[in-house]
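Here are some exercises to work through with the model open beside you. Try each task by yourself before reading its solution.

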Amino acid sequence: MLPHMRVYFHKIGQSEEDDQLIYESPDRPKLSHSVSKTEDGQYLKMSSSTGAENFNKVSIAKVGDPKLEFKPLFPGKKGEFHFIHNIGSKFFYVTNYQAPYKKIFSVDVNYPAEENWKVLLTGDE
């Protein structure tokens, strides 16, 4: 893994010199980032981890946002968060956060505070 990974926005057909830096984590040089678009094309989701830890950081950006700013979805939460699907701004994840047998929950990305999560299924059910 390369230290100090950065995420750039590249427009097809343009020079790489014109790429726009959209995310970096200079305070965590061992963090690697993976970015993908939701199936509906409305959001970019980024998962960041060191690979050595049992958790990842999840950030979301709205496609079309001129700043293309990634906002943390679960700040301060230590766990693995794996995206399942989204319906508009409602995102579905499976996680081991406070769930040793995992759980599936939904969260509206506009109201991501933990008290707004809706647990749909727990691994011990």
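Two strands count as paired if DSSP finds at least two bridges between them. Helices (H or I, at least four residues) and strands (E, at least two) are DSSP runs, numbered from the N terminus. The model is a predicted one, in which local features need pLDDT of at least 70 and side-chain atom pairs count only at pLDDT 80 or more, while totals for chains, interfaces and linings use all residues. Residues are numbered from 1 along each chain as its sequence is written, and side-chain values use heavy atoms, with hydrogens and water left out.

**Exercise 1. Take stock of the whole protein**

Task: Find how many helices and strands the protein has, and what share of its residues is buried.

Solution: Start with the secondary structure, which comes to 0 helices and 10 strands. Read from the N terminus, the order of elements is therefore β-β-β-β-β-β-β-β-β-β. Next, look at the extent: the C-alpha trace spans about 50 × 30 × 20 Å along its principal axes. For burial, use these cut-offs: buried means under 20% relative accessible area, exposed over 50%, and partly exposed in between (1.4 Å probe, protein chains only). Of the 125 residues in the protein, 31% are buried. Finally, turn to contacts, meaning heavy atoms within 4.5 Å. Among contacts between residues at least 6 apart in sequence, 27% join residues at least 24 apart.

**Exercise 2. Trace the open sheet**

Task: Work out the strand order of the open sheet of 4 strands, and then follow the pairing of β7 with β8.

Solution: First, a reminder: strands of a sheet pair through backbone hydrogen bonds, either parallel or antiparallel. Here the order is β7-β8-β9-β10, with antiparallel pairing. At the edges are β7 and β10 (118-122), each of which pairs on one side only. From one strand to the next, the twist averages 25°; axes are lines fitted to C-alpha atoms, for helices over the stretch in contact, and angles run from 0 to 180 degrees between N-to-C directions.

Now zoom in on the β7 side. Strand β7 (residues 81-87) and strand β8 (residues 90-95) are held in antiparallel register by 6 bridges. Two partnerships help you check the register: His-82 has Val-94 in β8 as its bridge partner, and Asn-86 stands opposite Phe-91 in β8. The two strands form a hairpin with 2 residues between them, and Gly-88 in the turn has a positive phi of about 60°.

Then cross to the other side of β8. Another 6 bridges join β8 to β9 (residues 103-108), again antiparallel. Val-94 has a bridge partner here too, namely Ile-104 in β9.

**Exercise 3. Compare two residue settings**

Task: Decide whether Thr-95 is buried or exposed, then do likewise for Arg-28.

Solution: Begin with Thr-95, which lies in strand β8. Its relative accessibility is 1%, so Thr-95 counts as buried. Setting aside residues up to four places away in sequence, Thr-95 touches Glu-80, Phe-81, Lys-102, Lys-103 and Phe-105. A polar atom of the Thr-95 side chain lies 2.8 Å from the backbone oxygen of Glu-80.

Move on to Arg-28, found in the loop between β2 (20-24) and β3 (32-37). With a relative accessible area of 32%, Arg-28 is partly exposed. Leaving aside neighbours within four places in sequence, Arg-28 is in contact with Thr-50 and Glu-53. For a sense of distance, Arg-28 and Tyr-111 are 83 residues apart in sequence and 26 Å apart in space, C-alpha to C-alpha.

**Exercise 4. Find the salt bridges**

Task: Which side chains meet in a salt bridge at 3.1 Å, and which at 3.5 Å?

Solution: Apply the criterion first: a side-chain nitrogen of Lys or Arg within 4 Å of a carboxyl oxygen of Asp or Glu. A search of the whole structure finds 2 of these. At 3.1 Å, N to O, the partners are Arg-6 and Glu-24. Arg-6 lies in strand β1 (residues 6-9) and Glu-24 in strand β2, so the pair ties together parts 18 residues apart in sequence. Arg-6 is partly exposed at 44% relative accessibility, as is Glu-24 at 35%.

At 3.5 Å, N to O, the partners are Lys-77 and Glu-114. This pair links distant parts of the chain: Lys-77 in the loop between β6 (71-72) and β7, and Glu-114 in the loop between β9 and β10, 37 residues apart. Lys-77 is partly exposed, with a relative accessible area of 22%, and Glu-114 is partly exposed at 28%.

Notes
A polar contact is a pair of N or O atoms within 3.5 Å; within protein, one must be able to donate a hydrogen and the other to accept it, and residues adjacent in sequence count only if both atoms are side-chain atoms.
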